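Here are my notes for you on this protein, written so that you can follow along with the viewer open. Take them one point at a time.

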Amino acid sequence: MDLKFDHIIHYIDQLEQFKFPGNLITLHSGGKHNKFGTFNKLSYINGNYIEFLDVEDQEKLQKLAKTEEGRVSFATKIAQDHFKQGFKTICLRTNNIDAIKQTLEERNIEVIGPVNMERETKKGEKITWRLLYIADPSYMVKPPFFIQWDQGEANRDAQLEPLYQTQFSIEMIIVTTSQREKTVQNWQNWFDMQVVNETDKYTDLILKEDQMYFRIEEGKESGYHTVVFKDAEATSPYSIYIRGAKYRFEPNN
């Protein structure tokens, strides 16, 4: 599969007033997902980003969560978690979402989509993309979903490059789960991930076309736990725990 890590979603209540501690990570205006009743701000970390997401219409979001698409969508995880702040899910980027769908269906994996999506920026511009979801409700870690940007990767990179915080790079996403063996097997089957390291407490996975690690840890609670960054300006490790999510920074050496 042609897959790379694209972004992670962090639900923040009252996002309009939120600032990252010390303004360490810069938030840029995003736009509204009218379909979900949500809006976002975005922090660009080289070719990836963090999506800070909030809800302006809870009734619309909760109604959508009852539909077939809604039960698996990225936004309705907020309602499913009873509006608990923190990381909700991650997104993997592809240049051929139809081929991903075909591959998954050939493996007898149920999917929903591709779904056409758009958001409107504060300037009134529309950004469009397509999403594909794995419809697996059997365990607590919400499966990563797939995205294909209509803009094209080269054009998108050229447009966003001035916003990249080049001091940082995302090194790892840490996931905790009460069913580590099952989660690892699923992610290998769903995303063609490879095991690169394993201990009695965690398993490290990597995509064939990317260099970022996904660490699946044993834990009582299942979900996305920590984003680990390399920081070119740091001389020692440090961590920030904010709004239900952990950001860990390590020296780039």
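The points below go from the overall build to single residues.

1. Before anything else, keep in mind that this is a predicted model. The protein has 15 strands alongside 5 helices, so you will have plenty of elements to click through as you read.

2. Now for the overall size. A compact globule of 253 residues would have a radius of gyration near 18 Å, and the protein comes in at 17 Å, so the two agree. If you want to picture a box around the C-alpha atoms, it is roughly 45 × 40 × 35 Å along the principal axes.

3. How much of the protein is buried? Of its 253 residues, 52% count as buried. The area that the protein does expose is about 12,100 Å², with carbon and sulfur atoms supplying 42% of it.

4. Have a look at how the chain comes back to itself. Take the contacts between residues at least 6 apart in sequence: 62% of them join residues at least 24 apart.

5. On to charges. The protein carries 32 positive and 38 negative charges, and the mean positions of the two groups are 4 Å apart. Side chains of opposite charge can pair when their charged atoms come close. Here the count of such salt bridges comes to 15.

6. A good one to find is the salt bridge between Glu-69 and Lys-35, with N to O at 2.8 Å. It links distant parts of the chain, as the two residues are 34 apart. Glu-69 is in the loop between helix H1 (58-64) and helix H2 (77-80), while Lys-35 is in the loop between strand S2 (28-33) and strand S3 (38-45). Are these two residues buried or partly exposed? Glu-69 has 18% relative accessibility, which is under the 20% cut-off, so Glu-69 counts as buried. Lys-35, at 34%, counts as partly exposed.

7. Next, try Arg-180 and Glu-218, whose side chains meet in a salt bridge at 3.0 Å, N to O. Arg-180 belongs to helix H5 (residues 180-191) and Glu-218 to strand S12 (residues 213-218), so this pair ties together parts that are 38 residues apart in sequence. Arg-180 is buried, with a relative accessible area of 10%, whereas Glu-218 is partly exposed at 43%.

8. Then there is Arg-248, which forms a salt bridge with Glu-250; their closest N and O atoms are 3.1 Å apart. Arg-248 is partly exposed, its relative accessible area being 24%. Which residues are joined into one network by salt bridges that share partners? They are Lys-77, Asp-81 and Lys-88.

9. Spend a minute on His-33, in strand S2. Its relative accessible area is 2%, so His-33 is buried. What does His-33 touch, leaving aside neighbours within four places in sequence? Its contacts include Thr-38, Asn-40, Glu-51 and Leu-53, and also Phe-74, Met-117, Glu-118, Arg-119 and Trp-129.

10. Last stop: Trp-190, which sits in helix H5. With a relative accessible area of 4%, Trp-190 is another buried residue. For a sense of distance, draw a line from its C-alpha atom to that of Ala-234: the two are separated by 36 Å, and these residues are 44 apart along the chain.

Terms used:
Residues are numbered from 1 along each chain as its sequence is written. This is a predicted model: local features need pLDDT of at least 70, side-chain atom pairs count only at pLDDT 80 or more; totals for chains, interfaces and linings use all residues. Side-chain values use heavy atoms; hydrogens and water are left out. A salt bridge is a side-chain nitrogen of Lys or Arg within 4 Å of a carboxyl oxygen of Asp or Glu. Helices (H or I, at least four residues) and strands (E, at least two) are DSSP runs, numbered from the N terminus. Buried means under 20% relative accessible area, exposed over 50%, partly exposed in between (1.4 Å probe, protein chains only). The radius of gyration is taken over C-alpha atoms; the globule rule is 2.2 Å times the number of residues to the power 0.38. Contact means heavy atoms within 4.5 Å. Accessible areas come from the Shrake-Rupley method with a 1.4 Å probe; for residues, only the protein chains shown count as cover. Lys and Arg count as positive and Asp and Glu as negative; His and the chain ends are not counted. The place of a charge is taken as NZ of Lys, CZ of Arg, CG of Asp or CD of Glu.
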